[in-house]
Amino acid sequence: MEILRTEKLTKDFPGVRALDQVDFSLRKGEIHGIVGENGAGKSTLVKVLSGVHQPSGGEIYLENERIAFHSPRDAMSYIGVVHQERELVPSFTGIQNLFLGQEIAAQGFLKKTRMRQIAEEFAKRFELPVELDVPTNRLSSGKQELLTTLKVLFRDPPILIFDEPTASLSDQESKALFNLIRTLKERGVSILYISHHLPEVIALSDRITVLRNGKKVITEEACKLQEKDLIRFMIAKDLAEQYPKRELTVGTPVFQVEDVSFESFPHRNIRFHVCSGEIVGFAGLVGSGRTELAKAIFTGMPLKQGSISLLGKKFESKSPRDSIQQGMVMIPENRRAEGIVSSFSVGENLVLPSLSDLCPLGLRRTGAIQSLGSKIIQQLSIKVVSLNQKVTKLSGGNQQKVSLGKWLEKHATLWIFDEPTQGIDVETKSEIYTIIGNLASKGGGIWFISSDLRELAAICDRIYVMYDYAIVAEFQRPFDPEQILKAMHGGRGVENAK
Amino acid sequence: MAEEVWKMQNRIRLVGFFMRYGTILALLVLFVSFTFLVPGFIDPENLMNILRQIALLLIIAEGFTMVLIIGELDLSFANVASLASVLVAGLIIREIPFGIAILITLLVGAAFGLVNGLLVTKIGISSLITTLATGIIASGLVYLYTKGVSFYGNMPEGFLYLGRGEILGIPFLVLIMLVVLLSAHFLITRTVTGTYMQATGGNPVAAYLAGIPTASYKLLGLIICSTLAAFTGVLLTSRLGAANPEGASGFLMEGFAIVLLGQTVFTLGQTTPVGTFVGALIIGIINNGLTLLGAQYYVQDIVKGLIMILSVVISSLYSKRERG
């Protein structure tokens, strides 16, 4: 009664094995939950199953027949995927979006009444509270999500994949979605349900598969599992092995945030500190407000209340420029979009923030520029052909080193790293840990945001956990990953570990 | 054997060079063919003529080049030039000393750039819409000021010298053009300001997060453009000894054409002052050569369009090959 089965399914990306010989099966009419940490291989599995990526090895069987999807289009009528990203035309109404590409028409004229009838019946059948008549950009993000789901259902695929569907839904909308999923199951649709919210997965699923590091850990009946079992399966035991050791020399607090809220961000009463020589981790799910907090402070968003101090002085900033002058720098998450200027060479990127200091008269001093560039390249062992090489020709890891290296000359007090090792090969990763460690031992304070719990637990001295735009917990060494993961998922009762 | 390989490599390199610099190739081909086809084309006098013919266009286009470098657009520059042209004429005819008249006109131009820049950076309106609107306003002001008639009148010799004078046989206009070209090139390639302007256009978010006040550089680029446009209007009036309400409107399309052509000269899509100069030379040579050949103006337009398409196609073929 298996509708979908994989055998030794493997997917390699340069430097990373994202899926490692996964044997997985989906029964007809079942809801199958998939859980795992970030980077465990959940989204890769979805992408391979739905034809976005081609497997590097192994087989996929659909109703015992071996198949290969070459594109999402191939897979569409068998496997529908409800993504986090909504594929809607914002200015179109719900009806127009539902029929996009398969409009009903006669002699080139749209049959609007007919389409409206069909769409309305369809929405009623699944009892989804969505307005179909208004442009979709006027709907809440939750409603848009439901509409996207409706659009996928429209093609009537026998298998449906939900990838983090409740991330932007209100409680009421989530309930509507769960009802929809149960209705679909009764109609014999087979469902893969991927989510970070473990209680939700346990309540909804018939069976659950846990992935870790691209491998399948276990598939088990949901009724035999509890949240703490799942967390145990999700976390590897061999923490702190491939991470460089570092002598701890934590000094006095250099950065203090007292009871801060912003005018235009939903963060509530943020209070934390970073000491010199300390690496302070920020854990939290995507959407918990970690990145926004760092960006709000670095770009100088106006405060509604509270105060911030850096090196004992009041920190006041209206722009990144102000923040940098006071000794704060940030290496943003999305390096291609925010960390580097892709039309520039490696050298130009490396000297960008120091250029006006290097050239006090405003004229470019080629010699000074080149020697600074070469110095940083040497310090970070960035692999380049020459300073004039286009920065886009470098590997992701080396681009990250450029994004980071441009700050070396600024001798900052506080370094904000947002997901500094995302999408980077293992070797460069550990080099970056070493660089960050060195910055800390030179007396810098490090504010380290990451979704990788192993990484956080291995290199941080202290970890704050954010959930729903607030800091909900603080952990000291030795870390208990299970407790951290619980706090990340909004588990209450985790008190300040101090 | 080794020699043959070497020869082959050289040939490949040569082909690569011309593919890469397809626009420069087009310029050379044009130049050489006109030299053989058109009697009198190669005469020093005629070559100087070409430079004089492109001078105004290049000056205004260097301003537009700055706007593209900071990653915005300006649709108002031609109308600002028309406004400047009639304004300076009107002021001079009212016997205001021409130095002061020019200064006032340049300040009006700069004010347009300032308004454009503030609307774009402070309010966040797209530069396309902003400059379309301010361009229409400039055009309205022209008609408000002129009631639709051209301005003739006695203009002082000193003022007319700007557009008509010569130094050692070189037209003063050409000298001004060279000064503008070299200043623009120097600004972009040799100064910190130029680098920050390029960073602002290349990736505004990364530049902002690197501590660069990107809004100021956008403002600067738009002000340079409008001021140079006003300057072009002044020079136009000086050259013609008169001003008419639509005098500079042709600069919009031609300015766009040579700047876009200029984007194909070095790295496809990268706007540079020297690239814009190459674009202006190509357009200037086509206009001049075909006129000498006795071709009608519409033939010239068709040829210009074809040359533009051709050089973009060659350059993009090359850059595709390089990427693949």
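Helices (H or I, at least four residues) and strands (E, at least two) are DSSP runs, numbered from the N terminus. The expected span of a helix is 1.5 Å times one less than its number of residues. This is a predicted model: local features need pLDDT of at least 70, side-chain atom pairs count only at pLDDT 80 or more, and totals for chains, interfaces and linings use all residues. Residues are numbered from 1 along each chain as its sequence is written, while chains are lettered from A and ligands numbered from 1 in the order in which they are written.

**Stop 1: helix α13 of chain B**

Select residues 273-293 of chain B. This is helix α13, with 21 residues. From its first C-alpha to its last it reaches 30 Å, close to the 30 Å expected at 1.5 Å a residue. Buried or exposed? α13(B) is mostly covered, with 17 of its 21 residues buried. A residue is buried if 20 or more other C-beta atoms lie within 10 Å of its own, exposed if 12 or fewer, and partly exposed in between; C-beta atoms are placed from the backbone. Now step just past the helix to Gly294(B), where phi is positive, about 85 degrees.

**Stop 2: the whole of chain B**

Zoom out to chain B. It has 14 helices and two strands. Its C-alpha trace spans about 80 × 55 × 35 Å along the principal axes. The radius of gyration is 21 Å, which agrees with the value near 20 Å for a compact globule of 324 residues. That radius is taken over C-alpha atoms, and the globule rule is 2.2 Å times the number of residues to the power 0.38. Of the 324 residues, 48% count as buried. Contacts come next: two residues are in contact if their C-beta atoms, placed from the backbone, lie within 7 Å. Among contacts in chain B with a separation of 6 or more, 77% join residues 24 or more positions apart.

**Stop 3: helix α5 of chain B**

Select residues 98-123 of chain B, helix α5. It has 26 residues and reaches 36 Å from first C-alpha to last, close to the 38 Å expected. Its buried residues include Ala101(B), Thr105(B), Phe112(B) and Val120(B). What covers the buried residues of α5(B)? The cover includes α4 (77-93), α6 (127-146), α7 (157-164) and α11 (214-240) of chain B.

Click on Phe98(B), which lies in α5. Phe98(B) counts as buried because it has 20 C-beta neighbours inside 10 Å. Leaving out residues up to four places away in sequence, Phe98(B) touches Ile92(B), Pro156(B), Gly158(B) and Phe159(B). Add Leu160(B): its C-alpha is 10.0 Å from that of Phe98(B), and the two are 62 residues apart along the chain.

Now show α11(B) beside α5(B). The two pack at an angle of about 150 degrees, with their axes 7 Å apart. Axes are lines fitted to C-alpha atoms, for helices over the stretch in contact, and angles run from 0 to 180 degrees between N-to-C directions. By class, this contact has 16 nonpolar, eight polar and one charged residues. Here Ala, Val, Leu, Ile, Met, Phe, Trp, Tyr, Cys and Pro count as nonpolar, Asp, Glu, Lys and Arg as charged, and the others, Gly among them, as polar.

Just after α5(B), Gly124(B) takes a positive phi of about 85 degrees. Move on to Lys147(B), in the loop between α6 and α7 of chain B. Its phi is near 55 degrees, a positive value in a residue other than glycine. Lys147(B) is exposed, with 7 other C-beta atoms within 10 Å.

**Stop 4: across to chain A**

Where do the chains meet? In chain A, 23 residues are in contact with 17 residues of chain B. Select α10 (320-325), α11 (335-339) and α13 (355-358) of chain A, the elements that each give two or more residues to this side. That side of chain A divides into 13 nonpolar, five polar and five charged residues.

Show all of chain A: 18 helices and 22 strands. Its radius of gyration is 25 Å, close to the 23 Å from the globule rule for 498 residues, so chain A is as compact as a globular protein of that length. Buried residues make up 45% of the chain.

**Stop 5: two loops in chain A**

Find Ser381(A), in the loop between α14 (366-379) and α15 (396-405). Its phi is positive, about 35 degrees, although it is not a glycine. Ser381(A) is exposed, with 11 other C-beta atoms within 10 Å.

Finish at Pro478(A), in the loop between β22 (470-476) and α18 (481-488) of chain A. A cis peptide bond joins Arg477(A) to Pro478(A), with omega about -10 degrees.
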